Amino acid sequence: MRLPEEELLAPGHRACPGCGEVMALRLILKALGRRVIVVQATGCMEVVTTPYPQTAWRVPWIHGAFENAAAIASGVEAALRRLGREGIKVVAMGGDGGTADIGLQALSGMMERGHNVLYVCTDNEAYMNCLDPSTLVLTEGGLKRVSEVRVGELLYSFDTQKQTLVARRCSGVFFNGVHDIHEVVTPHHLIRATPNHPFLILERGGRGGRNRLVWKTLSQLRVGDEVVVLKKIPYGHSYRFNFRPARIGDPKVAHLNPVRIPERSSPELMKLLGIWLGDGWVRPERAEVGFALPEGKRGRRELVGLSQKVLGTTPTGNESHLYLYSSSLARFIDSLGFGRGAKNKTIPAWVFTLPVEERKALVEGMMLADGYSLGGSHRYVSASRELLRRLRLLLQTLDYRVGKIHWQERRKGERCVERELLRDTGFGYLCFSRKRAPNLEEYPSQCRYGDHLAGNEFFEMERIIELRYAGRNQTVDLRVERDHNFIAEGMVVHNTGIQRSGTTPFGAWTTTTPAGRIGRGEDRSKKDMPSIALAHRIPYVATASVGYPWDLVWKVRKAAAVEGPSYLHVHCPCPTGWRHDSSLSIRVARLAVETGCWVLYEAERGEIRITFRPERRRPVGEYLRLQGRFSHLTEEEVERIQREVDERCRELGLGWYG
Amino acid sequence: MRQLLNGNEAAALAAKLARVQVISAYPITPQTVVVETLAKYVADGELEAEFVKVESEHSALSVCLGASATGARAFTATSSQGLMLMSEILYVVSGMRLPVVMANANRSLSAPLSIWNDQQDSLSVRDSGWIQLYGENNQEILDLLLLAFRLAESLSLPTMVCYDGYILSHTSESVEVPSQEEVDAFLPPYSPSLRLDPDRPLTMGPVGVPEIYLEARYMQHRALRGAKEGFVRVAEEFGRRFGRRYGILEEYRTEGAEVLLLAMGSLAGTAKEAVDRCRERGERVGLVRLLLYRPFPGEELVRALSGAKVVAVLEKDISTGWMGALYTDTVAAFANEARRPLFLNFILGLGSRDVRVEDLEEVIRTVRREGEEGRVGENPRWVGVKKEVLE
């Protein structure tokens, strides 16, 4: 049996990597060919394949609503017959939600009336939805882009019981495909996430009522809502540098200047680096570290002192600049991750792991270079937007009040912070100031009224000042153990959601059937859709799996050849919802069949015949263990699933061997 | 040829004359006879159409959606709860610019359960993007449905023709029925340029991303606004061919009227009686009857109503918690007009509470008094509510 090479589903659609449903779609279209009309229910497949003005469909395709694919298909079929247009197969497609739950009525009607329609259910066993990949998340190793977080890493999390900061293990990273992204803006934080992403919000109980923290999705947030945000990170340890200084004998090294390269960070070094960040540059090829510090500027005196203390050397220079010549030092500073060039400077992640004094020292150094203070308010100026952004985050971890980043363009010759500009440039500034601590002893209720977490060491409440749409982008989500939340861009966010459907299997974790102290995941068995189809006495019913593509293709062709209703139920793994790596989709699909959790059969005119018998049926644990959604199951619960599977296999005549 | 037909039979006959190709409807009182009559036509071979016996109204309109998208002329009929059940799909059909035609026998809305007449059902879906026409008698049901097919297909906008349940649907009247040839000359076969076809594949109903949704809805809105002229043009041709002239509204004895009544549907028939009695007494009272409700003909209504001192908007519906729909739409049309009559809203006839000529004469008396005094009393006023409840 051969499949055509032509792709009737164009690449470039927005499905997640490893998506089982879209694999099924591609195979089904190859099996059917061009003479089809596809009627699709609302669902993952509809959304990822038709982001206007693009479409992945090279065959005629129509989508109406969530629950009526079978009814629309009935209309298409009736029209084709009335118009005398022959040789066109009508295929209705829906996910498990659009078929087994909300779509059941229309499907039943279509089958009962006997329309010549092939109905395919692509079953990923739940209703599937995350963060923009550039979102910065607080891990124990410092600030990281959420897309760079690895399973097993420790993330900072909000312990909902004790309301403190704790470190928790990340148990999954999921790339969820392209979605709408919205921005949640508070006075000191900004985060980009999908509308179904949960945030921890204060629900006020009103007069005489209690205030409490609840999870609300972004789409439910309103301007003015109070969200839990991170105040500061008190922890930190000095950073041990991984740098090998130059030695005599290294290429081009004949002479070493007496410069001591520090092995770990210290407040003095950080202050020096802060000054460098604002006013310095490095040219490793010239072994040069330079500072634009004119005489009279306070930073200059400080730098000289720090350089002597930390590096054991005195800079040389003239009335406008200071220099340190050392190839080791130049390479060292270059290796720290601060970037090169005024517009590209940034604060690397490791700085965020430093103790408070060292972080403060960096800020002090930066202020000596490019900052100025007006009373209690400080201002830092820079030509690097990224630097301002990172500084803002760093200041938040130090419990400062920070403002927006103000950006402007200036012309050559204008004065800017004691200097004339050499060329047209853009730069920005950031204002920040110390926060006043609330007087909790004297005014406890008033303080708590304003800030529900007043007095909390690590967290506080902030009001949402803006909610806006930010375009479409790839999204990423994390799964965190226990409290299931992490801190992204300073805000406490939950890992997202995957809601149960009628075909969600027993024991599976979903957001509407979460596992906790009392609830243990989905407590109902999978709705047996193929049997419901059989009960309608239609000519052909079959189950299939993307893990067995030829079996699937064979069944698609058989079903399509039927003159009348046919029903095909395809089991499709979903890495996002089932919480497994996207490279494992086929393995998971095969294990489902090899363990008997999913049985491949067909029923012609009601007579069931198994089309694939595993040589030896594997224990269900091998299938369940690969998926995060079953990770909470106890031995007894797994045994119960095994018993159910055994019973079902016995009914179908599938034993333990062949 | 004249036939004695009740409203439902007239609707079914119109669909047959229009040579509909796919019918999908679910029975519901008081529309049931439409479905039964059509089923009989098909069974007797008088109408060559696919009759899809759907399991709910939601599926009924979904079937029409699929059929229309494939290039077939599709028709459905419903009332009240059925219209509510299919309301989700109303918006999908209009958003997809499919020219489905529907006959709606106006019936009250549950709860409390009522199979009787008022216009709450169709008026509560006035935002759904469908053209809405209201007939006063069975002749109009037939004529407006034929007009609807032509209008819908020329503009790619779904259209519903509404008529009062029981009052029209179950009452027989003498109706002039055109011949099949005459209708064929007026209504050509449906052949859309865009349809589901493997020879020219296209994608219908994609995701409306924020970058384009606003524009899509704007374009649809503009097209619906254009249906006003569209209706006038098509009605004009209809008038030339069949001799019966229809306009966006009908002005009945409005010359020099100080008091004007505004109404839709069969209620206008009773109102015309009341107007006649008043005119006999020398009172200057008139009636404006609205046929085209959506798109709302604000300008035409302003022209027709401006001359009066006071306008009584009579309607069989209520936007519960505020006023009637026709009232709020009419007042909005006058919002920025320098010359505005006084407007009073009367809610009557809900659930087939009988509206007699005497009741309307009483309404006119109230209206004239408040018009003279220049001040409006209670607004809206519910006509016929039992005294013991009013306290």
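Helices and strands are DSSP runs, numbered from the N terminus, with at least four residues for a helix and at least two for a strand. The model is predicted. In this numbering, B:R253 lies in the loop between β10 (249-252) and β11 (259-263) of chain B.

The backbone at B:R253 has a positive phi, near 55°, and the residue is not a glycine. A second case is B:S352, also not a glycine, with a positive phi of about 65°. B:S352 is placed in the loop between β15 (342-347) and α13 of chain B. Most residues other than glycine have a negative phi, and most peptide bonds are trans. B:R253 has a relative accessible area of 34%. B:S352 has a relative accessible area of 31%. Partly exposed covers the range between 20% and 50%. B:R253 therefore counts as partly exposed, and B:S352 is likewise classed as partly exposed.

Two cis peptide bonds are described next. In chain A, the bond from A:Y52 to A:P53 is cis, with omega near 5°. A:P53 sits in the loop between α2 and β2 of chain A. In chain B, the bond from B:N379 to B:P380 is cis, again with omega near 5°. B:P380 is found in the loop between α13 (357-373) and β16 (381-382) of chain B.

The contact between the chains was examined next. Chain A contributes 42 residues to the contact and chain B contributes 41. About 3,200 Å² is buried between chain A and chain B. Carbon and sulfur atoms give 61% of that area. Three residues, A:Y52, A:R82 and A:R113, supply 20% of the area that chain A buries against chain B, more than any other three residues. A:Y52 is also the residue that precedes A:P53 across the cis bond.

Polar and charged pairs also cross the interface. The rule finds 17 residue pairs in polar contact between chain A and chain B, with both residues at pLDDT 80 or more. Four salt bridges are counted between the two chains. One of the salt bridges joins B:E50 to A:R81. The closest N and O atoms of this pair are 2.9 Å apart.

Several elements of chain A build its side of the contact. β1 (36-40), α2 (44-49), β2 (61-63), α3 (69-82), α5 (104-113) and β24 (466-480) each supply at least two residues of the side that touches chain B. The most comes from α3(A), with 10 residues. By class, this side of chain A holds 21 nonpolar, 10 polar and 11 charged residues.

Strand pairing also links the chains. β2(A) is joined by two bridges to strand β9 (residues 203-204) of chain B. The two strands run parallel. In one of these bridges, A:I62 is partnered by B:M204 of β9(B). β2(A) is thus also among the elements listed for the chain A side of the contact.

One lysine of chain B was examined separately. B:K272 lies in helix α10 (residues 267-280) of chain B. Its relative accessible area is 14%. Buried means under 20%, so B:K272 counts as buried. Leaving out residues up to four places away in sequence, B:K272 touches B:E136, B:E250, B:Y252, B:L287 and B:R289.

How values were computed: Residues are numbered from 1 along each chain as its sequence is written. Chains are lettered from A and ligands numbered from 1 in the order in which they are written. This is a predicted model: local features need pLDDT of at least 70, side-chain atom pairs count only at pLDDT 80 or more; totals for chains, interfaces and linings use all residues. Side-chain values use heavy atoms; hydrogens and water are left out. Contact means heavy atoms within 4.5 Å. Buried area is the accessible area (1.4 Å probe) that two parts lose on being put together, summed over both. A salt bridge is a side-chain nitrogen of Lys or Arg within 4 Å of a carboxyl oxygen of Asp or Glu. A polar contact is a pair of N or O atoms within 3.5 Å; within protein, one must be able to donate a hydrogen and the other to accept it, and residues adjacent in sequence count only if both atoms are side-chain atoms. Ala, Val, Leu, Ile, Met, Phe, Trp, Tyr, Cys and Pro count as nonpolar, Asp, Glu, Lys and Arg as charged, and the others, Gly among them, as polar. Two strands pair if DSSP finds at least two bridges between them. Buried means under 20% relative accessible area, exposed over 50%, partly exposed in between (1.4 Å probe, protein chains only).
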